[in-house]
Amino acid sequence: MFEKEKQEILDAALKLDRYGLVALSGGNVSSRMSNGLVLVTPSGMIYDDMTFEDVLVVDIDGNIVEGKRKASVDTEALLYIYKKMSHVNAVIHTHQPYATGLGLVMNEIPCNLSTMANAVEGTCHVANYGDPGSLSMGVEAVKAIGNRLAVVLKHHGVIAVGRDLRQALFSCVYLEEAAKTVSVALSTGLPMAEMTPEQIKEAVAVFHRYGQHTLNEQDNKK
């Protein structure tokens, strides 16, 4: 079941590798279906070696409904996020180095770039450390994320969320681009230019009108 959606999960996972957000089998990709079941990548498999049939179907309590592989070790944390954030239908977990690195020295990554406002919808908070592969990882992510689309997991990586895989993917990719730029700015030792709240708000609104199937159009269909 869900062959098309499983392929979309795999395609998203391969993009994470392409954009340098994961290495080998790091991170995971998951998506909630309209019937409440969740698709999640398997544990410890290199994405290039996967086929869509390796993607598992689990229920909201983590029971495997379909699939022969072992689900991601982070599944319990991912399902906690879905339970607590009813508007979220996709969760992507990465180990992206620039955003994770800034999380070691900052409590939030400032929103001083239009692309970050576009995709993350504001500053990116840094969550307290939660053990990888445990419920605490999801608990700390939910505590810290607020109304943003991404959160840095201190000492670990990033959780990006969205109404669909596209939104979550844009969030983690553009967060990393922003983190690279912020790192360059900080390395100069000079004061960093800041966006105003009004500028951030407008940049968020622009992205809702962006693309061939805009978020505004999706909202209007509800």
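**Note on the sheet, helix H6 and two residues**

1. Glu177 is located in helix H6. The model under discussion is predicted. With a relative accessibility of 38%, Glu177 is classed as partly exposed, because that category lies between the limits of under 20% for buried and over 50% for exposed.

2. Glu177 also has a partner distant in sequence to consider. Its C-alpha atom is 8.7 Å from that of Ala99, although 78 residues separate Glu177 and Ala99 along the chain.

3. The sheet is open and consists of nine strands, ordered E4-E3-E2-E1-E5-E9-E8-E7-E6, with mixed pairing. Strand E4 (64-66) and strand E6 (108-109) are the edge strands; each has a single partner strand, so one side of each has no neighbour in the sheet.

4. Helix H6, which spans residues 165-188, packs on this sheet. The strands that helix H6 touches are E1 (28-32), E5 (90-94), E6, E7 (124-127), E8 (150-153) and E9 (157-162). The direction of helix H6 makes an angle of about 140° with that of E9.

5. At the E4 edge, strand E3 (residues 56-58) and E4 run antiparallel and are joined by two bridges. Val58 has Ile64, in E4, as its bridge partner.

6. Thr94 belongs to strand E5. Its relative accessible area is 0%, so Thr94 is buried. The side chain of Thr94 makes a polar contact of 2.6 Å with the side chain of Gln96. Leaving aside residues up to four places away in sequence, Thr94 touches Leu16, Leu21, Val22, Gly157, Val158 and Cys172.

Terms used
Residues numbered from 1 in each chain as written. Predicted model: local features only at pLDDT ≥ 70, side-chain atom pairs only at ≥ 80, totals over all residues. Heavy atoms only, no water. Pairing = 2+ DSSP bridges. Helix = DSSP H or I, 4+ residues; strand = E, 2+ residues; numbered from the N terminus. Contact = heavy atoms within 4.5 Å. Axes fitted to C-alpha atoms, helices over the stretch in contact; angles between N-to-C directions. Buried < 20%, exposed > 50% of the residue type's maximum accessible area, 1.4 Å probe, protein only. Polar contact = N/O pair within 3.5 Å; in protein donor to acceptor, adjacent residues only side chain to side chain.
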